[in-house]
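Please look over the sequence and the model below before reading on. The report that follows takes up cysteines, one sheet and one loop residue.

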Amino acid sequence: MAAVAAQLPDTPSSTLRGHQGPVRAVRFNNNGNYCLSCGSDKIIKLWNPHSALSIKTYKGHGQEVLDIAATLDNSRLASGGTDKMIILWDVGTGQIIRKFRGHSGAINSIAFNDECTVIVTGSYDATIRTWDTRSRRYDPIQVLDEASDSISSVKVSNHEIISGCIDGKVRLYDLRAGKMNEDYIGPPVTSVSYSKDGQCILTSCLDNTLRLLDKDSGQLLNEFTGHKNSDYKIDSCFTHTDAHVVSGSEDGYIFIWDLVEGSVVTKLNANLSKRDIIYSLAFHPREPYLLTASAFGDIIFWKKSDNEGCTEDGS
């Protein structure tokens with residue numbers, strides 16, 4: 001158990017306050033030195049979570065911002081929300097580079113491809129659309145419309161797109177081979193994520209259950225329960241070592257399970273109010289650091305208690 005404890009955050013290190021209303025998404029950048037957040041107040045914020053410093057605020061959306069993603073070199077970010085618009089931003093200047101329109105519903109999820117030349121979006125309109133950031137065209141370069149309900153979550157890895165859908169299915173698109181594999185889960189799927197080794201997919205479903213799938217075969221490898229998630233879109237993810245999985249909960253807690261055993265290793269209390277909802281979370285790419293964001297608007301940066309003396313870059 002000592003080895004397990006050494007790998008997991010357990011202490012609130014700082015609270016990032018600056019949003020008015022629910023924070024819908026919080027994301028580390030590629031190296032984990034900074035993070036991005038967005039929410040119902042229509043703004044995006046760039047933070048240094050290690051020093052609890054708000055660096056820049058981005059304004060341009062007309063309605064709630066539901067998701068954000070940064071390029072690998074951290075020079076640009078993309079955002080989408082209920083105004084049905086995708087905005088590509090210059091991180092340093094805060095200026096809008098381009099706007100893309102084409103979805104007929106809210107944009108629930110957004111991601112870049114590995115080369116950061118294509119933006120992938122999943123929408124309430126039941127489509128996934130891809131957008132070329134280098135072209136002067138404003139139309140999507142591809143529309144994937146196999147879903148029968150809202151696309152809740154998209155992730156991109158190499159030549160693949162994985163999506164979770166309210167129709168209860170996980171779809172894996174192999175763009176290089178031109179193939180699509182579909183796995184029926186049952187209850188609405190609200191979050192999907194890749195393991196670090198790319199072999200597994202973690203799904204959140206509106207039946208209070210996380211499911212671990214083999215990416216290639218779709219085989220169910222494990223299930224994780226104990227948290228509350230039956231009404232809202234809530235994030236889940238792998239830890240930096242792939243040894244554990246993490247999820248928010250509708251009662252203000254964050255649950256961490258052992259990947260193999262499926263047992264709850266620890267439960268973190270993110271707020272004094274049990275009515276709070278932990279909509280979003282993100283795990284640091286290399287260190288035992290966790291970001292959580294709530295319906296009350298606070299973002300908590302969690303560390304392992306004996307890591308409090310770390311340098312700002314986590315070394």
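A search of the whole structure finds 0 disulfides, a disulfide being a pair of cysteine sulfur atoms within 2.5 Å. This is a predicted model, in which local features need pLDDT of at least 70 and side-chain atom pairs count only at pLDDT 80 or more, while totals for chains, interfaces and linings use all residues. Residues are numbered from 1 along each chain as its sequence is written, and side-chain values use heavy atoms, with hydrogens and water left out.

Two cysteines illustrate the result, and in each case the closest cysteine sulfur is too far for a bond, as the table shows. Buried means under 20% relative accessible area, exposed over 50%, and partly exposed in between (1.4 Å probe, protein chains only).

| Cysteine | Closest cysteine sulfur | Relative accessibility |
|---|---|---|
| Cysteine 116 | cysteine 38, 18 Å | 7%, buried |
| Cysteine 205 | cysteine 165, 12 Å | 0%, buried |

Turning to the sheet, 4 strands form an open, antiparallel arrangement in the order E10-E11-E12-E13. Strand E10 (107-112) and strand E13 (142-144) stand at the edges with a single partner strand each, so one side of each has no neighbour in the sheet. From one strand to the next, the twist averages 20°, where axes are lines fitted to C-alpha atoms and angles run from 0 to 180 degrees between N-to-C directions. Strands (E, at least two residues) are DSSP runs numbered from the N terminus, and two strands pair if DSSP finds at least two bridges between them. Strand E12 (residues 128-132) is joined to E13 by 3 bridges, and isoleucine 128 stands opposite leucine 144 in E13.

Lysine 228 lies in the loop between strand E21 (220-225) and strand E22 (236-238), and counts as partly exposed at 47% relative accessibility.
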